[in-house]
Amino acid sequence: MMQNVHLAPETDEDDLYSGYNDYNPTYDTEELENDTAFQQAVRTSHGRRPPITAKIPSTAVTRPIATGYGSKTSLASSMGRPMTGAIQDGITRPMTAVRAAGFTKAALRGSAFDPLGQSRGPAPPLEAKNEDSPEEKIRQLEKKVNELVEESCIANSCGDLKLALEKAKDAGRKERVLVRQREQVTTPENINLDLTYSVLFNLASQYSANEMYAEALNTYQVIVKNKMFINAGRLKVNMGNIYLKQRNYSKAIKFYRMALDQIPSVHKEMRIKIMQNIGVTFIKTGRYSDAINSFEHIMSMAPNLKAGFNLILSYFAVGDRDKMKKAFQKLIAVPLEIDEDDKYISPSDDPHTNLVIEAIKNDHLRQMERERKAMAEKYIMTAAKLIAPVIETSFAVGYDWCVEVVKASQYVELANDLEINKAITYLRQKDFNQAVETLKMFEKKDSRVKSAAATNLSFLYYLENEFAQASSYADLAVNSDRYNPSALTNKGNTVFASGDYEKAAEFYKEALRNDSSCTEALYNIGLTYKRLNRLDEALDCFLKLHAILRNSAQVLYQIANVYELMEDPNQAIEWLMQLISVVPTDSRALSKLGELYDSEGDKSQAFQYYYESYRYFPSNIEVIEWLGAYYIDTQFCEKAIQYFERASLIQPTQVKWQLMVASCFRRSGLRFLVRLCTDIGLKEVQEYATKLKRLEKMKEIREQRIKSGRDSSGGSRSRREGSAGSDSGQNCSASSKGERLSAKLRALPGTNEPYESSSNKEIDASYVDPLGPQIERPKTAAKKRIDEDDFADEELGDDLLPE
C-alpha cells in the first residue's frame, strides 16, 4: 500500500513557491504562429482530432509527464491513455496520438515527423480507362444523345427549324442504338427513361414547329401510351393544340378535356390555361354558350385579361347587352399586379438610392410591367369600342357609359383616350361637326390630352384644306407637347402646303429626333427633298423607310419615281416590278412600266403592261390613246377602232376621237369595206365580196407561182413562169379588167395579213387625217369607182365612207 505513496522532495520544503513561474514551452501560444509543425497540422487534415474511442481495460500505462514544478510525475488519463504533449525519452509527442494522422510507434523510437507520408514515395499512377468496354461506350453514346438534343433546342431558338428537326431525328436514332446496347449489357430496368422521354418530346416539338403535324401526333402518341412515363398525359394539351391548328376543333376539345382530367387540382394555373384553350375552341366552333361557361368559370376562379376579353366577345356574339356590361366591369377589375410609377421616382437626393432607381427604371422586370399594362389598355380600349355602339341606344351614350366605368377604375387615364376614340368614330360616320366639338372639349385638359386632341383637329382641318385652322391647332399641339412627333409632323404638313419646303423639312427632322420610328415624318421629308430637287437625300430617306416598311406600295413607287427623275430607267423598272408584285392590280404602276419600256424602245413589253393596265382600269385616256396608236402603227386598224370608240365615250366633246375612228376605217381596206357594208345592209355587199374573193384567189395563184419558181432551175423557171402567165391569162379571161387587177395585186394583203399602209408616217393617238373631215358622197359614185377597178388603198378609203 505504501508503494503507491509518493512523498514530496525535501528540497522543496524551504521554498513552497519555487517553480511557480516555470511553464512547459508546449503550451506557449504566443509562438504558435512560428511553429512550423503546428501550422502544417492546422492547414491539413492532420490537425483534426478523431472521435473519442472507448476505454479498453488493462491497457492504461502510467507515464511520467512534466508538471509545473519541473519534475516528472507519472499520471494516467481518465481514459487510461497518457495525456498529449508529454515528453518521453527526450521525444516530444504531437498533440494527437492518432495513427491516421501519420504518427506511429516509430516516432517513439526516434523516427522523423512525416505527417504527409512523403517518405513513402509518389502515389501509383491512376488506372487507365478502358474505352473499349461496353460501359464506357454506353456512357459516350448517352453523352452524344444529350448533346444532339441540346443542339436541336438551340437551333430551334435561333429560328433554324430544319436543322433543329435534323438534330432531333439524329438524337432519336442514336437513342434507339443506346437502348439496344443497354439491353445487351444490363437489365431493362437500368434503361434511362428520362433520356428517352426527352428525345421523343423534342422530336415531337420539332415536327410541330415544322408543321409536320401527322408525325408530331404519332410521336406524342408513343409517349402518351407508354405507362412508364410519369405525367405523360399532360402532353395531350400539345396534341390538342395541333388539332386546333388543323381546325379539327372537335378533337382539339376532346384532347383538352382528357388533359384536364389527368391534371390534379393542385395545379390550378395549368388547369386554368387548358380551360381557356377550351373556351377559345368553342368560340371558333360558334358554340358561344359553352365558351361563356368556360370563361365565366375562369373569371370566378382566377380572373385574367384574356379570359375577360374573350368573355366580352362571347356575350357580344349572342347579343346580351347586360352581360356585356357586367363582363366589361369584370375586365376593368382584373388586377394588374405591377408596381406604381411612383416607385421609380427618387424621393430624396441620396446618390445610392438614385443609382438603384436608375438601374431598375428600365430593367427586364420594368419592361415586362410596361408590356402588361399596354396589353391591358389594348384589351379595354378594344372592348369599349366593340360594345359602345350596341349596349345603348346610340354609340355616343354607350361611349359615355364606358368612360364613366373607366374613370371609376385603376385605368383613369384611359377615359380621355376613349373620348378621343369617340371623336374618331364621329369621323368614320362623316359627322365632322360632332368630331370637332368633341375634340375641342380637350382644350382645357392636361397637356398630353390637349396635344392629342389638337393634333387630331389639325389633321381634320388639313383634310378640309383649311390650312390656317390646321396650322393654328398644330401650333397648339406643339406648344402643349413639344415631344409629340405627330404634332410636329402635322405642323410640317401645314408649312409644306404653304410652299416653305425648307422649314417643313426642319419640323419633320425634329419629329424624327423625338421618335425615330415616326414613318410619316420620314416619308414626308423624302417628298420634301424631291420638291427641293435633292434627289440623293430623298432616295436615302425612302430606302431607310423601305427597310422599315418592306411591302409598302407607296414607298416602292417613290423609290422608282426618284430613280426615274435621276434618269436611271433600269433601276426604276426594277423597283416598279417589285411594286406590282405587292399590288399586281395597280393600273397606274402598270402604265408607268409601259411608259418606261416605251421610252427604252421595247414596244412589245410596253404593249404588255399598257394592255394589263387597260384591263384593270379601262378609263385611262392616256392608256387608251397609246394602245390605239400602237395598233395603227402595227397596221391593225380594226383593233384600234374599239379603243378610240371607248375614248369617244369617255370624252364625247373631243372631236379627235371620232376622226381617229374614221381614219381607222379608211385604212382598213377592201375587207373591212365588205364588213361595213354587211353591217349597214348595203346591196352592194355581194359585189364587193365577189371582187374580194377574186383578188384573194389571184393572190393565192401568185404565191404558188413564186413558190414553184424557187424550186426549179433558171431555164425551167422561165418556162413555168410563161405557162403560169398563160394560165393566169386564161383565168382572168372571164373579166375584161383581169390584167389591171393582177398589176394591183401587190398592194393588197392576204387573208390573214394586216393591210399595208401606203404611207410610212408614224401614227400616234393625236393623228389627224390629212384630208380633213370627209363629206358624204353618193353611193353611185362609190360604185362607179369600184367598177373602174382602182383599188389603191388611199383612194378607196378616201371616197368610200358609207353612211
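Student: Leaving aside neighbours within four places in sequence, which residues is Lys268 in contact with?

Tutor: This is a predicted model, and the answers here are computed from it. A contact needs heavy atoms within 4.5 Å. Once neighbours within four places in sequence are left aside, the contacts of Lys268 are Met301 and Ala302.

Student: How far apart are the C-alpha atoms of Lys268 and Met301?

Tutor: Lys268 belongs to helix α8, residues 268-285. Met301 is 33 residues away from Lys268 along the chain. In space, the separation between their C-alpha atoms is 9.1 Å.

Student: Is Lys268 buried, partly exposed or exposed?

Tutor: Buried means under 20% relative accessible area and exposed means over 50%, with partly exposed in between. Lys268 has a relative accessibility of 42%, so its class is partly exposed.

Student: What span is expected for helix α10 at 1.5 Å a residue?

Tutor: Helix α10 covers residues 305-318, which is 14 residues. The expected span is 1.5 Å times one less than the number of residues. From its first C-alpha to its last, α10 reaches 20 Å, close to the expected 20 Å.

Student: Which residue caps the N-terminal end of α10?

Tutor: The cap uses a side-chain oxygen, which lies 3.2 Å from the backbone nitrogen of Lys306. After the helix comes Gly319, with a positive phi near 75 degrees. The residue that caps the N-terminal end is Asn304.

Student: Which helices do the buried residues of α10 pack against?

Tutor: The buried residues of α10 include Leu305, Phe309, Leu311, Ile312 and Tyr315. Polar residues are on the list too, among them Asn310 and Ser314. The buried residues of α10 pack against α8, α9, α11 and α13.

Student: Which helix gives the most residues to the largest nonpolar core?

Tutor: The largest nonpolar core has 149 residues, and those with the most contacts inside it are Phe328, Cys402 and Val406. The helix that gives the most to this core, with 9 residues, is α13.

Student: How many residues are in the other core, the one with Ile138 and Leu141?

Tutor: In soluble globular proteins, nonpolar side chains tend to be buried together. Val406, setting aside its neighbours within four places in sequence, is in contact with residues including Phe328, Ile332, Ile380 and Leu418. Apart from the largest core lies the other one, with Ile138, Leu141, Leu195 and Val199 among its members, and its size is 9 residues.

Student: What kind of aromatic pair do Phe644 and Trp657 form?

Tutor: The structure holds 21 aromatic pairs. In this pair the ring centres are 6.2 Å apart and the planes are at 20 degrees. Planes under 30 degrees apart count as stacked, so the pair formed by Phe644 and Trp657 is stacked.

Student: Are Phe644 and Trp657 buried or exposed?

Tutor: Phe644 is in helix α28 and Trp657 is in helix α29, 13 residues apart. Phe644 has a relative accessible area of 0%, and Trp657 has a relative accessibility of 0%. Buried means under 20%, so each of these residues counts as buried.

Student: Over which ring does the charged end of Lys325 sit?

Tutor: A charge over a ring also occurs at Arg615, which lies over the face of Tyr616 at 5.2 Å from the ring centre. For Lys325, the charged end is 5.5 Å from the ring centre, and the ring is that of Trp401.

Student: What is the phi of Arg247?

Tutor: Most residues other than glycine have a negative phi. Arg247 lies in the loop between α6 and α7, and its relative accessible area of 66% makes it exposed. It is not a glycine, yet its phi is positive, near 65 degrees.

Student: Where is Asn465, another residue with a positive phi?

Tutor: Asn465 is not a glycine, and its phi is about 65 degrees. Its relative accessibility is 56%, so it counts as exposed. Asn465 is placed in the loop between α17 and α18.

Student: Which backbone oxygen does the side chain of Thr425 reach?

Tutor: Thr425 is in helix α15, residues 414-428, and counts as buried at 15% relative accessibility. Not counting residues up to four places away in sequence, Thr425 touches Phe395 and Tyr399. At 2.8 Å, its side chain reaches the backbone oxygen of Asn421.

Note on methods: Residues numbered from 1 in each chain as written. Predicted model: local features only at pLDDT ≥ 70, side-chain atom pairs only at ≥ 80, totals over all residues. Heavy atoms only, no water. Core = buried A, V, L, I, M, F, W, Y, C linked by side-chain atoms within 4.5 Å. Buried < 20%, exposed > 50% of the residue type's maximum accessible area, 1.4 Å probe, protein only. Helix = DSSP H or I, 4+ residues; strand = E, 2+ residues; numbered from the N terminus. Phe/Tyr/Trp six-rings, centres within 6.5 Å; stacked < 30°, edge-to-face > 60°. Lys NZ or Arg CZ within 6 Å of the ring centre and 35° of its normal. Polar contact = N/O pair within 3.5 Å; in protein donor to acceptor, adjacent residues only side chain to side chain.
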